[in-house]
Amino acid sequence: VLLFLISSRAQRKLRKEEDARQESLDRFSGFAQASLDGMGMAELDGTVIYANAAMARLLGEKSPDACLGKHFPSAYYPPSMTRKLQEEVLPALMSQGQWHGELELRTVDGRSVPTDENYFVIKDEKGEPRFLADILTDITERKRSEQLLRENETRLRNLSDNLPGGMAYQVEMSPDSQDRKFTYVSAGVEKIHEVTAEAVLK
């Protein structure tokens with residue numbers, strides 16, 4: 001009889017834990033399914049237990065189910081990012097409950113994808129960490145735009161720094177036009193006004 005009671009209590013405990021697990025999954029997947037952002041969920045040991053369709057596409061998987069059972073972070077991040085996650089992201093996540101920043105995924109076909117990621121902890125009814133969750137956005141186009149802007153700025157500065165007998169500058173003005181601040185001055189200012197560009201920008 002004693003063995004039966006112990007077995008019944010253990011079964012009830014397991015059933016309760018499984019019910020709580022399913023409830024968390026249902027709640028998370030309820031708003032994740034329609035999201036255009038990648039959304040995933042893992043056990044504390046890193047085993048992936050949920051991924052929405054957007055997440056599967058970002059990872060290069062054929063379906064969300066193909067993500068299940070794989071290990072985070074090693075399955076979808078290159079070694080350098082895996083180290084950063086293990087040494088920086090996960091400790092911060094467990095101590096603060098959330099981490100936000102830029103990372104780089106490695107898809108199943110080997111492509112690198114720059115991402116903006118928001119990790120957070122899902123807690124149980126006792127307030128203890130139960131799952132890890134992630135919302136991520138592909139920022140490939142943003143990174144390309146930033147690189148193009150840097151290249152254009154470099155070309156412009158090279159041209160303006162070599163204007164014969166002239167100079168170029170950029171000024172930011174306050175909404176009321178009362179305050180002005182130089183954000184760029186070409187090297188020609190030194191020839192014309194006998195002051196360095198660095199001094200003007202201070």
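Let me start with the aromatic residues: Phe72, Tyr77, Trp99 and Tyr119 form one aromatic cluster, and I should say at once that we are looking at a predicted model. By the ring-pairing rule the count comes to three aromatic pairs, and I will go through two of them, both of which involve phenylalanine 72.

In the pair of phenylalanine 72 and tyrosine 77, the ring centres are 6.2 Å apart and the planes stand at 75°, and because planes over 60 degrees apart count as edge-to-face, that is the class of this pair. Both partners are buried, phenylalanine 72 with a relative accessible area of 12% and tyrosine 77 with 4%.

In the pair of phenylalanine 72 and tyrosine 119, the centres are 5.5 Å apart and the planes are at 40°, so this pair is tilted. Here the pair links distant parts of the chain, since phenylalanine 72 sits in the loop between helix H2 (53–59) and helix H3 (79–96), while tyrosine 119 belongs to strand S4 (residues 112–123), 47 residues apart. These two residues, phenylalanine 72 and tyrosine 119, are again both buried.

What does tyrosine 119 touch, if we leave out residues up to four places away in sequence? The list includes Phe72, Tyr77 and Trp99 from the cluster, and also Leu85, Val89 and Leu93, as well as Gly97, Leu103 and Ala133.

That brings me to H3, which has 18 residues and reaches 24 Å from its first C-alpha to its last, close to the 26 Å expected at 1.5 Å a residue. There is nevertheless a kink of about 40° in H3, and it is centred on leucine 85. Leu85 is also one of the buried residues of H3, together with Met81, Thr82, Val89, Leu90, Ala92 and Leu93, and what covers these buried residues includes strand S3 (98–106), S4 and strand S5 (129–138). Just after H3, glycine 97 takes a positive phi of about 90°.

Finally, the cores. In soluble globular proteins, nonpolar side chains tend to be buried together. The largest nonpolar core in this model has 24 residues, and those with the most contacts inside it are Cys67, Phe72, Tyr77, Leu85, Leu103, Leu105 and Tyr119. Strand S2 (48–51), H2, H3, S3, S4 and S5 each supply at least two residues of this core, with H3 giving the most, namely six residues. A second, separate core of seven residues includes Met41, Tyr50, Ile122 and Ala133.

Note on methods: Residues numbered from 1 in each chain as written. Predicted model: local features only at pLDDT ≥ 70, side-chain atom pairs only at ≥ 80, totals over all residues. Heavy atoms only, no water. Phe/Tyr/Trp six-rings, centres within 6.5 Å; stacked < 30°, edge-to-face > 60°. Buried < 20%, exposed > 50% of the residue type's maximum accessible area, 1.4 Å probe, protein only. Helix = DSSP H or I, 4+ residues; strand = E, 2+ residues; numbered from the N terminus. Expected span 1.5 Å × (residues − 1). Bend = angle between axes of the 7 residues up to and from the residue. Contact = heavy atoms within 4.5 Å. Core = buried A, V, L, I, M, F, W, Y, C linked by side-chain atoms within 4.5 Å.
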